[in-house]
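Open the model in your viewer and keep the selection tool ready. The stops below go from a single residue out to the whole chain.

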Amino acid sequence: MFGVGHVSARLAGNRLVDRPDVRPMVATIMLTEAAGLALIWLAPGPAWGIAGSFLTGLGFSLTYPLLALPVLRQVPPAAAGSAIGLFDVFFDIASGAGSVLSGLLAGVAGPGSPFAMAMLAALTGSMMMLVLYNRQAVGAKTPAP
């Protein structure tokens with residue numbers, strides 16, 4: 001179901017990536033991912049875990065394109081390949097490190113703990129996007145001295 005949610009979001013949401021400011025959308029998808037991870041973590045039965053997997057895939061799907069787009073907007077076209085390659089390296093490092101840490105955490109705190117950790121990470125990311133978005137919105141409304 002993770003894959004179904006992932007592909008569904010890519011098909012339905014790919015036009016949402018081209019917005020001038022992606023932070024509200026990133027906050028939304030991270031909240032969706034966090035909700036899915038919470039369902040998996042707290043699932044009383046398989047149906048809840050399946051629903052959580054779908055929501056997690058739905059939320060995670062647009063993370064990469066939404067976070068990569070601002071990178072591409074900040075570099076000259078001639079450097080786009082290098083910029084996205086470097087972004088990709090760090091995205092992969094984060095994914096790999098998260099997998100290792102999840103395995104270690106599961107060994108210490110139980111099999112549900114990686115889902116709780118990932119949920120907290122998604123909530124933190126969502127809050128960061130909202131704070132940055134609100135800070136820019138407030139700054140844009142403040143008249144220059």
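Select Thr63 first; this residue lies in helix α4. The model is predicted, so treat each stop as a feature of a prediction. Is Thr63 buried or exposed? Its relative accessibility is 7%, and because the cut-off for buried is under 20%, Thr63 counts as buried.

Now show what surrounds Thr63. Setting aside residues up to four places away in sequence, Thr63 touches Ile29, Glu33 and Phe91. Draw a distance from Thr63 to Ile29, C-alpha to C-alpha. The viewer should give 7.2 Å, for a pair 34 residues apart in sequence.

**Helix α4**

Widen the selection to the rest of α4. Which residues of α4 are buried? They are Thr63, Leu66, Ala68 and Leu69. Colour them, then show α2, α3 and α5: the buried residues of α4 pack against these helices.

**Helix α3**

Step back along the chain to α3, residues 46-61. Its buried residues are Gly49, Gly52, Thr56, Gly57, Gly59 and Ser61. Turn on α1 (2-13), α2 and α4, which are included in what covers them.

Check the length of α3 while it is selected. At 1.5 Å a residue, its 16 residues should span 22 Å. The end C-alpha atoms of α3 are 22 Å apart, so the two values agree.

**The largest nonpolar core**

Next, select Val17, Val22, Met25, Val26, Ala27, Ile29, Met30, Leu62, Leu66, Leu69 and Met129. These 11 residues make up the largest nonpolar core. Helices α2 and α4 each supply at least two of its residues. Which helix gives the largest share of this core? That is α2, with five residues.

Two members link back to earlier stops. Ile29 belongs to this core, and Ile29 is also touched by Thr63. Leu66 is in the core as well, and Leu66 is among the buried residues of α4.

Zoom in on Ala27. Leaving aside neighbours within four places in sequence, Ala27 is in contact with Ser126, Met129 and Leu130. Of these contacts, Met129 is itself listed in the core.

Then look for another core, which lies apart from the largest one. It has five residues, among them Ala34, Leu37, Met119 and Ala122.

**The largest pocket**

Switch to a surface view and find the largest pocket. Its volume is about 730 Å³. Of the 24 residues that line it, Glu33, Phe60, Ala94, Ala118 and Ala121 are the closest to its centre. Glu33 has come up before, as a residue that Thr63 touches.

Which elements give two or more residues to this lining? Select α2 (23-42), α3 (46-61), α4 (63-73), α5 (80-109) and α6 (113-141). The largest share comes from α5, with eight residues. Colour the lining by residue type: 16 are nonpolar, seven are polar and one is charged.

**The whole chain**

Finally, zoom out and show the protein chain as a cartoon. There are six helices and zero strands, in the pattern α-α-α-α-α-α along the sequence. The C-alpha trace spans about 55 × 35 × 30 Å along its principal axes. Of the 145 residues, 28% count as buried.

End with the contacts. Take those in the chain with a separation of 6 or more: residues 24 or more positions apart account for 70% of them. The pair Thr63 and Ile29, 34 residues apart in sequence, is one to revisit.

Terms used
Residues are numbered from 1 along each chain as its sequence is written. This is a predicted model: local features need pLDDT of at least 70, side-chain atom pairs count only at pLDDT 80 or more; totals for chains, interfaces and linings use all residues. Side-chain values use heavy atoms; hydrogens and water are left out. On a 1 Å grid over the protein atoms alone, a cavity is a set of points where a 1.4 Å probe fits but cannot get out, and a pocket is an open set with protein on both sides within 12 Å along at least five of seven lines; lining residues have an atom within 4 Å of a point. Grid points are joined across faces, edges and corners, and a volume is the space filled by probe spheres set on the points. Helices (H or I, at least four residues) and strands (E, at least two) are DSSP runs, numbered from the N terminus. Ala, Val, Leu, Ile, Met, Phe, Trp, Tyr, Cys and Pro count as nonpolar, Asp, Glu, Lys and Arg as charged, and the others, Gly among them, as polar. A nonpolar core is a set of buried Ala, Val, Leu, Ile, Met, Phe, Trp, Tyr and Cys residues joined through side-chain atoms within 4.5 Å. Buried means under 20% relative accessible area, exposed over 50%, partly exposed in between (1.4 Å probe, protein chains only). Contact means heavy atoms within 4.5 Å. The expected span of a helix is 1.5 Å times one less than its number of residues.
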